[in-house]
Amino acid sequence: MGAVSVDRLDTLLRSAFPDAGEVHVEDRTGGGDHFQVVVASPRFDGLPLIDQHRLVNEALAEPLRDGTIHELRIKTRGTT
Amino acid sequence: MTDLQQRIKDVIENEPVALFMKGTPQFVMCGNSDRALRALREAGAPVTAVDVLPDPQIRQELSAVSGWPTIPQVFIKGELVGGADIVEELAETGELEEKLRSALGDGYRAEEPGRVVSVLTPA
């Protein structure tokens, strides 16, 4: 089950950040519900951390709402 | 607005530092809540903690108020700072202490050590 969720999150992030230099989704526990995501995108340039994370949360709104994501860790980077 | 939403808002607006978490500082029930609490404590923040676990409604109403989907959530002087990852990152760069100092004043560390409040009506 874990791989399915990783793929789903990866797809959602890549479509929300088409210009991302890096998108990485890791299933931290192997259970398919604790995730670490890394996104590097020029969209983050100049944005406060909270707004960067807000964009990631918005991209993952559906799996956050439907309970696929039980725990989420976010790491964002701009390009500058 | 529901009574619960109003009580959540009161905590956010009136507490210098509010932490909505799973569990309490004495008995933390989630790794991310623990990370946020540790980062705040290391920065010397006077933490007012609210346990969201006693009623799922708390979490729902909190997210409706803040627009933030996950727990924990940290507020300084009514402003959403973010979740565990953000608070940890800000703590590492020293920005968290700066934020606390500018929001609460130089003597913020001398304030009360922290407390737990409930947003549920007493039965």
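## A tour from the chain A–chain B contact to the core of chain B

Begin at the place where the two chains meet: 11 residues of chain A and 10 residues of chain B form the contact. Select the side of chain B that touches chain A; strand 6 and helix 4 of chain B each contribute at least two residues to it. Helix 4 of chain B provides the largest share, with 4 residues. Sorted by class, this side of chain B holds 5 nonpolar, 3 polar and 2 charged residues. The model on display is predicted.

**Helix 4 of chain B**

Next, select residues 84–93 of chain B, which form helix 4. Is this helix enclosed or not by the rest of the structure? It is largely enclosed, because 7 of its 10 residues are buried. Those to highlight are B:Ala84, B:Asp85, B:Ile86, B:Val87, B:Glu88, B:Leu90 and B:Ala91.

Then display what covers these buried residues. From chain A, the cover includes helix 2 and strand 3 (71–77). From chain B, it includes helix 2 (31–42), strand 5 (73–76), strand 6 (79–82) and helix 5 (95–104). Before leaving, step to the residue that follows helix 4 of chain B: this is B:Gly94, with a positive phi near 85°.

**Helix 2 of chain A**

Cross to chain A and select residues 49–59, helix 2 of that chain. The buried residues here are A:Gln52, A:His53, A:Val56 and A:Ala59. Turn the view to look down the axis of helix 2 of chain A: its buried residues lie within an arc of 115°, and therefore line one face of the helix. The general geometry of such an element is relevant: an α-helix has 3.6 residues a turn, so residues three or four places apart point the same way.

Colouring chain A by pLDDT is useful at this stop. Among the elements of chain A, helix 2 has the highest mean pLDDT, 97, whereas helix 1 (residues 2–16) has the lowest, 91. Over chain A as a whole the mean is 93, and 98% of the residues reach 70 or more.

**Strand 4 of chain B**

Return to chain B and select strand 4, residues 47–51. All 5 of its 5 residues are buried. Which residues lie on each side of strand 4 of chain B? B:Val47, B:Ala49 and B:Asp51 are on one side, with B:Thr48 and B:Val50 on the other, and both faces are covered. The arrangement follows a general rule: in a regular strand the side chains alternate between the two faces of the sheet.

Now add the partners of strand 4 of chain B. Strand 1 (residues 17–21) of chain B runs parallel to strand 4 of chain B and is joined to it by 4 bridges. For orientation, B:Met21 stands opposite B:Asp51. Strand 7 (residues 114–117) of chain B also pairs with strand 4 of chain B in the parallel sense, over 4 bridges. Here B:Val50 has B:Val117 as its bridge partner.

**Chain B as a whole**

Finally, zoom out to all of chain B, which has 5 helices and 7 strands. Along the sequence they follow the pattern α-β-β-β-α-β-α-β-β-α-α-β. The C-alpha atoms of chain B fill a box of roughly 40 × 25 × 25 Å along the principal axes. The radius of gyration of chain B is 13 Å, which agrees with the value near 14 Å for a compact globule of 123 residues. Buried residues account for 40% of chain B. Of the contacts in chain B between residues at least 6 apart in sequence, 69% join residues at least 24 apart.

Methods
Residues are numbered from 1 along each chain as its sequence is written. Chains are lettered from A and ligands numbered from 1 in the order in which they are written. This is a predicted model: local features need pLDDT of at least 70, side-chain atom pairs count only at pLDDT 80 or more; totals for chains, interfaces and linings use all residues. pLDDT is the predictor's confidence in each residue, from 0 to 100. A residue is buried if 20 or more other C-beta atoms lie within 10 Å of its own, exposed if 12 or fewer, and partly exposed in between; C-beta atoms are placed from the backbone. Two strands pair if DSSP finds at least two bridges between them. The radius of gyration is taken over C-alpha atoms; the globule rule is 2.2 Å times the number of residues to the power 0.38. Two residues are in contact if their C-beta atoms, placed from the backbone, lie within 7 Å. Ala, Val, Leu, Ile, Met, Phe, Trp, Tyr, Cys and Pro count as nonpolar, Asp, Glu, Lys and Arg as charged, and the others, Gly among them, as polar. The arc is that of the directions from the helix axis to the C-beta atoms.
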